Amino acid sequence: MIGLSSNIKNSPQAATYKNSTTPFPQTPTPSLGACTNVNCHFEKETPVWGSAGLTLETGCGTCHDTPPADGNHPTASGPGKKHGDYYGAGSGSCGICHVSHFADANPFSHATSVGRNLILSFNGAPNSGGDYGKPQNLSYPNYLPSRTRAEDRNGSCSNLYCHSDGRRELPKLHRHGGPHSPHPAIPATTAPAIPRTSAAGMESIPGVPAMPIAVSVVIRRRQAAAIPLPTKPAM
Ligand code: HEC
Ligand code: HEC
């Protein structure tokens, strides 16, 4: 008889093989199936036992999506569009906010370290550190889909260079999953990225036409603080 341990690697959910937890007889001509609920596989149904090994880069999406579809994860459209625009939505983008397993000597081996906390680190240039407002969601097993709903996992990031005004002051709180505040285009490769001697970098602010730098900075500050512009006093 072949029986599987029900909580593989201390998975919070009971694992099943071919939708069953019952031991089954060994046979020389087995019909192979898949497992579910295993934490190493991010609780997704696994590939069928005996199928070909995973390869880069498509294999990255076998357990969790690359990137996941929740929060402000980079995408071509929707809430994560800005992150997608600047960093792309491929496996290379992960390193902006996590460690990048893409570059690991064995890129798939991190699945076996499940049980540790999820690593969120903002050390991809131009960031050099930052904070996440819901650290409890990063602790194991809270980040697994069966433990915390996607919308409840979303917190705010703070002290990020990308979300400052480019002068390392007035860092903006940014909610993972919340709406994007308007800010100028920041090229991914150069830092500091916002030119301050010309109006060039300001042209991409929705609704704000190009104008001399001093004026547009004042407007940006007011947009950020949501203070209405003063009206002209009556003459
Ligand atoms: C802009 C920052 C950012 C980028 C880029 C990013 N992540 Fe995340 N990721 C987060 C934050 C913040 C969380 C924690 C909130 C949460 O669990 O949803 C998270 C959570 C996760 C989780 C936990 C489960 C889930 O669905 O949230 C996985 C898995 C993950 N990221 C994988 C990736 C992969 C793979 C990539 C690259 C393809 C990537 N992330 C790129 C910010 C980012
Ligand atoms: C066999 C399942 C599986 C595959 C395939 C997989 N991952 Fe993961 N991934 C996980 C698990 C489980 C975690 C949760 C962290 C942990 O405990 O290892 C994770 C977490 C992550 C995170 C969040 C940062 C962290 O380590 O905490 C990133 C980024 C990530 N994976 C990227 C990738 C990339 C890139 C690939 C492709 C090279 C990939 N993953 C393939 C299972 C997988």
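Trainee: Before we start, what does "in contact" mean for two residues?
Mentor: Two residues are in contact if their C-beta atoms, placed from the backbone, lie within 7 Å. Keep in mind that this is a predicted model, in which local features need pLDDT of at least 70 and side-chain atom pairs count only at pLDDT 80 or more, while totals for chains, interfaces and linings use all residues. Residues are numbered from 1 along each chain as its sequence is written, and chains are lettered from A and ligands numbered from 1 in the order in which they are written.

Trainee: OK, so which residues is Ser121 in contact with?
Mentor: Once its neighbours within four places in sequence are left aside, Ser121 is in contact with His98 and Val99. From C-alpha to C-alpha, Ser121 and Val99 are 6.7 Å apart in space, although 22 residues separate them in sequence.

Trainee: And where does Ser121 sit?
Mentor: Ser121 is in the loop between helix H1 (81-87) and strand S3 (131-132), where helices (H or I, at least four residues) and strands (E, at least two) are DSSP runs, numbered from the N terminus.

Trainee: Why is Ser121 called partly exposed?
Mentor: Ser121 is partly exposed because 15 other C-beta atoms lie within 10 Å. A residue is buried if 20 or more other C-beta atoms lie within 10 Å of its own, exposed if 12 or fewer, and partly exposed in between, with C-beta atoms placed from the backbone.

Trainee: Zooming out, how many helices and strands are in the protein chain?
Mentor: The protein chain has three helices and five strands, and from the N terminus on they run β-β-α-β-α-β-β-α. Of its 235 residues, 15% count as buried.

Trainee: New topic: which residues come nearest to ligand 1?
Mentor: His64, Pro67, Pro68, Cys94 and Cys97 come nearest, out of the 25 residues around ligand 1; a residue counts as near if its C-beta atom, placed from the backbone, lies within 6 Å of the molecule.

Trainee: You mentioned Pro67, so is its peptide bond from Thr66 cis or trans?
Mentor: The bond from Thr66 to Pro67 is cis, with omega near -10 degrees, and Pro67 lies in the loop between S2 and H1. Another cis peptide bond joins Leu56 and Glu57, with omega about -5 degrees, and Glu57 is in the loop between strand S2 (35-36) and H1.

Trainee: What about phi of Phe42?
Mentor: Phi of Phe42 is near 55 degrees, which is positive in a residue other than glycine. Most residues other than glycine have a negative phi, and most peptide bonds are trans. Phe42 is also found in the loop between S2 and H1.
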